[in-house]
Every structure is written in C-alpha cells, then in structure tokens.
Amino acid sequence: MEETTTTEIEIITADVTKTQPPPPRPSSPHQELVERLKDYGQEDVFALWEELSPEERHLLVTEIENLDLPRIDRIIRCSVTSQGLPAAAIEAPPESCVSTVEERRKEDKEKWWKMGLKAIYEGKLGVVLLSGGQGTRLGSSDPKGCFNIGLPSGKSLFQIQAERILCVQRLAAQAMSEGPTRPVAIQWYIMTSPFTHEPTQKFFESHKYFGLEPDQVTFFQQGTLPCITKDGKFIMETPFSLAKAPDGNGGVYAALKYSRLLEDMASRGIKYVDCYGVDNVLVRVADPTFLGYFIDRGAASAAKVVRKAYPQEKVGVFVRRGKGGPLTVVEYTELDESMASATNQQTGRLQFCWSNVCLHMFTLDFLNQVANGLEKDSIYHVAEKKIPSVNGSIEGVKLEQFIFDCFPYAPSTALFEVLREEEFAPVKNANGSSFDTPESARLLVLRLYTRWVIAAGGFLTHSVPLYATGVEVSPLCSYAGENLEAICRGRTFHAPCEISL
C-alpha cells in the first residue's frame, strides 16, 4: 500500500511538472519603463528604440529611470489646467507695508544697522545666491558670475559679492566683540544649474574662494524639467535624450528642500535668509540695515524695491491680490495703461510703483513653508518657446517657477525702498543694447563710489569727462560708504582707478 501511494504521488508530481508553463522571462528595463510611461501617456519616448545603439539605449533608460514621473505628471497637469483661470483683482499695496527712503529716520537706520550686525555676529543670517544662468546674452558661455564688467580692478561679479561678505563679516565682528574680535562666518549657498555647476565650483577653487573659507560656501543645483508639447507630451531633443530646461529661479525652493540645505541651515542656527540674483553689481549682500528692518518688522518675507522710473516701464511690480489678500508680484503686462498710470492722490506716487528687483529676505520657517506649499500646489508658469528636438526647432513649452512665487504664501511681507543708483545695476544685455549692459552697470558703480570718495574728503582728477569715468572702491574698504575718511581725506585720485586696502 505504501509503495502504491508513493508511486501515485510520484506520478502525479511528474504530471504537474509536465503541464506547468515555463516561468516568464524577466522583462527588460526598457519594457518595464514603457509600461510605466503608458500610465502617464508618455510611451512615445521609446518610439525610436529599435534604431538606437546599445550605448544610446543605456543613456535613454538611465535618464527615464531617474525621472520622478508622478511628480512631473502632477506638475504638467496642474500647470496646464491652471492657465487661463480667473485671478483675483489686484489693488495697490498699502502704504503701511513700505518703508520709503524719504520717511526713513536716521535713528531707525542706525537701529536697524546695529540689529542686523548683531544677528550676523550670532550666525543667524544665511545668504542664497541665484546663479544658474550663463552669460549667453553677454557673449559668454561661462557662468554669469564669472563676468568682468570692465571695472578698473577687473573683478568678476562673484569676487565683488564675496568681498562684500568679507566686509560685513568684519564689520559685525568689530561692532559686537568686546576685547579681541572673534571671526564671523556667513554661510553662502550658491545655486547653480547643470550648465554652470562645475565651472562655478572650479572658478571659486581657482580663486581660493576670494578669501572666504571653503567650508562656508555651498554649491547646489536647481532642478530641470522636461520640455513638453502643447498637449503635454515630452519632447525628445535626440532619439535617446529628452529636451530639458532649468525650472526657473523659483526652483530654488525645491532645490533647497531636496538638497536638505534647509535642514543644514537649521542645524547651524540660521534664522534669516538673504536671497538675491547674481547679475546686480551693486547688490548689498547680507545688508545689515535690511536685515535689521526685517527683524524689527517681524515679517515672514521682505523685498527691497525701487520706484518705477515711468508708468510704462517694463518691470514687475508688487500688488495686493484680492481684497485684503497677500502681496505678490505681477508682470507689467498685467497692468493696463490706466492702472499703470494711476496716481496715489495722497503721496503723488504711482499707485503701482514698487518694482521687484530680486533682493529678498525670508525667515527660515517661511522658506520651509514655501518649499512645501509650492510642491503641493505644483503650479508652474507655462512659457511657450522654440525647443530643439529630433525634428528640428519646434514650438513647445518650458515650465518654470519664479522667485517671487513665494509671496502669496507669506502671512506678512514688508517692502523696503532703495535707490536705483545705490543698489541696482543689472547686467543682462551685451554692450550696444539700450539698457542693463556691462557698460551701464560699470558707470553706475563708478559714479556711486565717486560720490562716496568726495563725501569722505577726497578729490578726483580725470582726463575724460567725469560722466564717463570715476573711481572704484574695493568692497574690502567700505560696505556702504562708511570708514573712508582715513583713506580719502585730502587725497587726490586719478580716475579711473581702484581704491583698495
């Protein structure tokens, strides 16, 4: 009986083995990705798969595997569907949220300066530089911060800004130290793009970080997003690679979050973050007065603003979105002619006069809130552009966020007026253009510093008209015109020249 049972079991087992189908072959990464892409309607990415070499196939598979497809799909859907939706009406910002130059008292400025230096001394300020762009419009493929605008010193934008940080560190140490000064280090977080990351790092290394300590400078990359057709399909730049573009200077919020640099800031005791763009030669990096004002107001965010030069000037301006709503920035195209020209009868100023110039201050808590809020909402600006593709240059869409997209999330925003001729000298276009050129910025710098030198008791000689020349003051000598009497009083300088330590 036992033998029979055993034999039957063996026979049955053998039969089952014979009738089972062979196990399925494991699918290739390519096939698995096609199935994943079908979920998002993007399977055409592999349309030319059969024509690719093994190396090209590997490159394409690797690129697609590294995409966060659910996130990208959410961004595309939310951004495209938000287009054309009615926005709340805009009104002028209330006067109470603006500190104007003419209303600013000397004692307030002194108080804010001291408050700012104290916070810097205590390590509570971090600085974020938006530096993802190349100098393409300036005729250079280098990162824009490497550009030399033609000052007597020949310094790059990066060097000028690094030396301003060195200067304010010294001022904070001198102002707050009792007895021997202790070193003060401001952490500088520099956002690059895939195009500028490596050359930016090498530029800093080759210049020994312009006197800063290497460990106080952190480089991080902004993200990129696939370019899409108007119906939301990925565009292939080559048969084995997607057309991609940086996600805009507003990508800084996601980049800080995903690089875990917001956590890094918190671990260092940073509470306030100064954020600015690389192409402003007169930027007062880590400005103690602005920081002190920001702390004094207790706001979540703040922006330096300049007054519009004339009603139709093509600049973004601060507005209030909706009755009693948050401050935000709108492009000049959103203001019709009557709104752009409307005047405040009490002040005599344009109602919409406060131009955004990308000079911002945030609390670290607010930056965390913004990074999470923007990610949750996933609404990007849709920009129709010519996109390089396998079929030549085609009409497509780039998805971008802007630095000012943060303001609608702010429970409070304070505006701080500054003078163009003192703090805003943008470098955006090549010499020969009508505005924002290296030459126009150079002259703004030389004229400001010439005023500083004359105010400090110095004299100038010049062999060309003074409107075309001037002197350069090294940021290592003076941050905002202070402490120049000992260097300048009674001395004559022949323009153009640099005054340095």
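Ala, Val, Leu, Ile, Met, Phe, Trp, Tyr, Cys and Pro count as nonpolar, Asp, Glu, Lys and Arg as charged, and the others, Gly among them, as polar. This is a predicted model, in which local features need pLDDT of at least 70 and side-chain atom pairs pLDDT 80 or more, while totals for chains, interfaces and linings use all residues. Residues are numbered from 1 along each chain as its sequence is written, and side-chain values use heavy atoms, without hydrogens and water.

**View 1. The largest cavity and its lining.** The structure contains four cavities of 30 Å³ or more (on a 1 Å grid over the protein atoms alone, sets of points where a 1.4 Å probe fits but cannot get out). The largest cavity has a volume of about 70 Å³ (the space filled by probe spheres set on the points, which are joined across faces, edges and corners). Its lining (residues with an atom within 4 Å of a point) consists of D274, Y276, V283, R284, D287, F290, K304, L359, M361 and E423. Five of these residues are nonpolar and five are charged, and no polar residue takes part. Strands β10 (272-277) and β14 (354-363) each contribute at least two residues to this lining (strands are DSSP runs of E, at least two residues, and helices runs of H or I, at least four, numbered from the N terminus).

**View 2. The aromatic pair of F204 and F219.** A search of the whole structure finds 20 aromatic pairs (rings of Phe, Tyr and Trp, the last by its six-membered ring, with centres within 6.5 Å; planes under 30 degrees apart are stacked, over 60 edge-to-face, the rest tilted). The ring centres of F204 and F219 lie 5.3 Å apart and the planes stand at 75 degrees, so this pair is edge-to-face. It links distant parts of the chain, since F204 belongs to helix α7 (residues 197-206) and F219 to strand β5 (residues 217-221), 15 residues apart. Both F204 and F219 are buried (under 20% relative accessible area with a 1.4 Å probe, protein chains only; exposed is over 50%, partly exposed in between). The two rings belong to one aromatic cluster together with F158, W188, F203, Y209 and F210.

**View 3. The aromatic pair of Y253 and F362.** These rings are also edge-to-face, at 6.3 Å centre to centre and with 70 degrees between the planes. Y253 lies in helix α8 (residues 252-258) and F362 in strand β14, and the pair thereby links parts of the chain 109 residues apart. Y253 is buried, as is F362.

**View 4. Two arginines over aromatic rings.** R104 lies over the face of F416, at 3.8 Å from the ring centre (CZ of Arg or NZ of Lys within 6 Å of the centre and within 35 degrees of the ring normal). The charged end of R182 sits over the ring of Y121, 3.9 Å from its centre.

**View 5. N429 in a loop.** The loop that holds N429 runs between α13 (420-423) and α14 (438-455). With a relative accessible area of 12%, N429 is buried. A polar atom of the N429 side chain lies 3.1 Å from the backbone oxygen of F435.

**View 6. The second largest pocket.** This pocket (an open set of grid points with protein on both sides within 12 Å along at least five of seven lines) has a volume of about 960 Å³. Of the 27 residues that line it, A87, R321, I379, H381 and D405 lie nearest its centre. By class, the lining has 15 nonpolar, seven polar and five charged residues. Strand β13 (327-330), helix α12 (364-377) and strand β15 (381-389) each supply at least two lining residues. The largest share, three residues, comes from β13.

Notes
Polar contact = N/O pair within 3.5 Å; in protein donor to acceptor, adjacent residues only side chain to side chain.
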